[in-house]
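Colleague: I would like to learn how to read strand pairing, burial and chain contacts from a set of coordinates. Could you take me through them step by step?

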There are 2 protein chains.
Amino acid sequence: VSSSAIPTSTDRYTLLAIVEQRDESSLRARLDDLHPADLADVLESLDDSEGRLWLFRLLLPEVASETIREVNEEARNDIVSHLSDARVTAVIEHLDTDDAADLLGDVPEERLAVLLDRASPEVRRDVEDLLAYPADSAGGIMKTEVAAAVQDATVAEVIDYIRRRADEFHDVHNVFIVDDQNRLQGLVPLRMLLLAEDKDQIQKVMEADHHWVSVDVDQEEVARIFKKYDLLSLPVVDALGCLVGRITIDDIVDVISEEATEDILKMAGIGDESLGKGGALAAMRSRIPWLGLNLITSAASATVVSLFEETIRTAAVAAGLMTIVASLGGNSGVQAMTVTVRGLALGEIRGRGVWKLLVREITAACGNGLILGTTAGTFAYFWKGDVALACVLAVSMLANFLTGALLGTLVPLGLRSLKVDPAVASGVFIQTSTDIVGFWVFLGLLSMVL
Amino acid sequence: VSSSAIPTSTDRYTLLAIVEQRDESSLRARLDDLHPADLADVLESLDDSEGRLWLFRLLLPEVASETIREVNEEARNDIVSHLSDARVTAVIEHLDTDDAADLLGDVPEERLAVLLDRASPEVRRDVEDLLAYPADSAGGIMKTEVAAAVQDATVAEVIDYIRRRADEFHDVHNVFIVDDQNRLQGLVPLRMLLLAEDKDQIQKVMEADHHWVSVDVDQEEVARIFKKYDLLSLPVVDALGCLVGRITIDDIVDVISEEATEDILKMAGIGDESLGKGGALAAMRSRIPWLGLNLITSAASATVVSLFEETIRTAAVAAGLMTIVASLGGNSGVQAMTVTVRGLALGEIRGRGVWKLLVREITAACGNGLILGTTAGTFAYFWKGDVALACVLAVSMLANFLTGALLGTLVPLGLRSLKVDPAVASGVFIQTSTDIVGFWVFLGLLSMVL
């Protein structure tokens, strides 16, 4: 009978307790039933390095490697920094090259040199090659393990080659076909190998019209290609068209999550902060730049308010009402910005879609601005009995809804056309801009009618 | 030579021009080189139904089916609503069952009955079965096309079976092994078929310890299983353990994107709004509930301000300064909320991680509140020369940073423990709560020292 897909949280708590009690025999009794991803879960949940090391040291080398590639950066770096050089090298030898490069990419430079010195020559060469590519490029996420065959081989020869190297190719989806210069010529999905006749030339079976990327393509673009064409793996070539590696869908699934997280954090005005990584100081550092900017822009809006101190002294109720104008304008602006930034990230806004979006957002802002402005104005009238005040509130709310819609759409679109990530048009910017405009329009109009 | 992975935007513009001029011969000359995903791109970019239909009708049935499964909902529903019943039925016959169910799920009920009547009995039965599952459950995203073999077959028999039905299994990764009651017993990756001996019993080759889900598991949970265990496909079983379908990674990639989009929109206070779907009215409708709530909460904060009208008349500068307190508290609260909501969505906050998060966010808020509060107080002192005012500003900023951190973390965590989606703890709520607290603390303290 198959095992259930979802280990219960009871399992996790039991395991945590076992580790905390350093109960080696209970742990060993369970180790065989645990998937490396479940072990990784436990390692992440433990927050003492000692417990993590105790558990990790009880794992067989292959299991240890499978496990360490599944844990998050924080736990991984914690474990690696406490392991002996010999043990780290043993772990690396069992990893795919992309995972080895990920692991070593966070090791301090001096130790990296020592570790690479101890590694086997092939691992050393491959990892050094991979570390030379930017981490967020196709080269940075590919692995160098590829199943490649020359174009004049027969189907039987290719199948034989895969059988002989079965251990290396545990996640192979396609066999890549190259010429004698290692230039990529085509690929053969495993399924086609099953269907083809043994004596066929591989060149006849291969797909010549397939997708590939160059090492320097950005990982976000790579993810878009995988999504668009429903790929499982994608060959990577260098500037000469030579096959240097492949990217697999499991890495792309991580990229898609990461890119979404990055955008979400950026929109909230959070810099380079990995979730679940770093302490309070890291959190402070990643946020204070936007908050500092926020202080400056909100000081600007306070200055705008101070220009109208006379008006506020005359009608102190304005101090409260102006914050309604600012709040609603800001939030509707953030809504427009969110739709724009996410639409751009997913590639859904392009060509004439830009105009459609603008018209849509402006119309929606007018509609909601009219409805909510009128509502707010009506309540203000019944509250204070002042028609002029009510009208000023309604009109300035509408104006600020429009401001929000224009800034929320045009700023990300503008950033995109300047090749800046649109997600940096964060909520902080939209909120404070609509504060300034809202205060200024409301108090300005009010000072005129008073 | 392989084709490049990325069609340039020039290609897309040329194609759009060809469709607009209804230039059939130029289009036919290019059709062979176009991937269905590229055709889908063009269909999405066209905004007139006539152009879309003109292009779509020129496609061969198989290409049309491949293309329609790649287009977004808006374009798909537009095309389907204008096609004849005969053409829609033809398209469906070439689709995988999950894609057919997706397509028919949006068709009005009366037409659905007509279309299913025209479909072949197998398609009809499969699609009716799939439509009965909730769209966001494992049953709702699975396809019924599975490569399944009984456990006493030999490797050679299984390979032969796949060869005979090669057309149906264009994206098969695993052969599922069942008993004579169709109960799932194990699976064999294609790669293992290549490595095994022809006369081996399939039962000896299969993996019995693999992952599976039940039809009623939520798609977000399914995506988490795929991510955690790096799966390509996952068998789906009914309540009796019988194999009813499989979910493939390409559908999961879409789920991951969709779920991220949903969270992003929710946090911005946007309801059920698909990007790129629906006009201004739909956009208004999806946003006005939160904006309406925003009007109520900001009216509450205006009321708080109005309690201190005397203070504001005495020190009109307070009207501007109080907005600084509110703005920074709100934005730092949104930062804490964003980190919490995203961390929960990715499953990175659990067990003792909750305490770690709380301590981290509160510490960071204290730190940034002290730094920015002191800065703001110092500037206020040099501006107005009033020590009391400067101190009130600094203290209330710190208090509001803490409020933001507490609300930003505790509200999503609380919602989660009530089994409500934490992402509904949207920015609107955090912003207006910190407005109220900020105004109240600042004006309250100020009224005491004046």
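Modeller: What follows is a walk through one sheet, one hairpin, the contact between two chains, and two arginines, and the model is predicted.

Colleague: Let us begin with the sheet in chain B: in what order do its 3 strands lie?

Modeller: The general idea is that strands of a sheet pair through backbone hydrogen bonds, either parallel or antiparallel. In this case the order in chain B is β1-β2-β3, the sheet is open, and the pairing is mixed. β1 (148-150) and β3 (184-189) of chain B stand at the edges with a single partner strand each, so one side of each has no neighbour in the sheet. On average, neighbouring strands of this sheet are turned by 30 degrees against each other, with direction ignored.

Colleague: Which strand pairs in the parallel sense with β1(B), and which residue is the bridge partner of A149(B)?

Modeller: The partner strand is β2(B), residues 174-178, which pairs with β1(B) over 3 bridges in the parallel sense, and A149(B) has I177(B) as its bridge partner there. On the β3(B) side, I177(B) is matched with G186(B), within an antiparallel pairing of β2(B) and β3(B) that is held by 5 bridges. These two strands form a hairpin with 5 residues between them, in which N182(B) takes a positive phi near 70 degrees.

Colleague: Is the edge strand β3(B) mostly covered or mostly open?

Modeller: Standing at an edge of the sheet concerns strand neighbours, while burial is a separate reading, and here 6 of the 6 residues of β3(B) are buried.

Colleague: How should I read β5(B), and how many of its residues are buried?

Modeller: Strand β5(B) spans residues 233-237, and 5 of its 5 residues are buried. It helps to look at the two faces separately: S233(B), P235(B) and V237(B) are buried on one side, and L234(B) and V236(B) are buried on the other.

Colleague: Which strands pair with β5(B)?

Modeller: Strand β4(B), residues 213-214, pairs with β5(B) in the parallel sense over 2 bridges, and S214(B) stands opposite V237(B). Strand β6(B), residues 243-248, runs antiparallel to β5(B) and is joined to it by 5 bridges, with V236(B) and G245(B) as bridge partners. β5(B) and β6(B) also make a hairpin with 5 residues between them, and G241(B) in its turn has a positive phi of about 85 degrees.

Colleague: Turning to the contact between the chains, what is the area buried between chain A and chain B?

Modeller: The size of an interface is often given as the accessible area lost when the parts come together. Here the area buried between chain A and chain B is about 11,000 Å², and carbon and sulfur atoms give 59% of it. Of the area that chain A buries against chain B, L194(A), Q335(A) and R360(A) supply 7%, more than any other three residues. The contact takes 133 residues from chain A and 133 residues from chain B.

Colleague: How many salt bridges are counted between chain A and chain B?

Modeller: The count is 8 salt bridges, and one of them joins K228(B) to D38(A), with the closest N and O atoms 2.9 Å apart. Residue pairs in polar contact between the two chains, with both residues at pLDDT 80 or more, number 24. Helix α19 of chain A, residues 317-345, gives the largest share of the side of chain A that touches chain B, namely 18 residues.

Colleague: I would like to compare two arginines; is R246(A) buried or exposed?

Modeller: R246(A), placed in strand β6 (residues 243-248) of chain A, is buried, because its relative accessible area of 3% falls under the 20% cut-off. Its side chain reaches the backbone oxygen of E145(A) at 2.7 Å, and the residues that R246(A) touches include M142(A), D171(A), F176(A) and L234(A).

Colleague: And where does R313(A) lie, and what does R313(A) touch?

Modeller: R313(A) lies in helix α18 (residues 309-314) of chain A and counts as partly exposed, at 32% relative accessibility. Leaving aside residues up to four places away in sequence, R313(A) touches R313(B) and A316(B). The side chain of R313(A) also makes a polar contact with the side chain of E310(A), at 3.2 Å.

Notes:
Residues numbered from 1 in each chain as written. Chains lettered and ligands numbered in written order. Heavy atoms only, no water. Helix = DSSP H or I, 4+ residues; strand = E, 2+ residues; numbered from the N terminus. Buried < 20%, exposed > 50% of the residue type's maximum accessible area, 1.4 Å probe, protein only. Polar contact = N/O pair within 3.5 Å; in protein donor to acceptor, adjacent residues only side chain to side chain. Contact = heavy atoms within 4.5 Å. Pairing = 2+ DSSP bridges. Axes fitted to C-alpha atoms, helices over the stretch in contact; angles between N-to-C directions. Buried area = accessible area lost by both parts, 1.4 Å probe. Salt bridge = Lys/Arg side-chain N within 4 Å of Asp/Glu carboxyl O.
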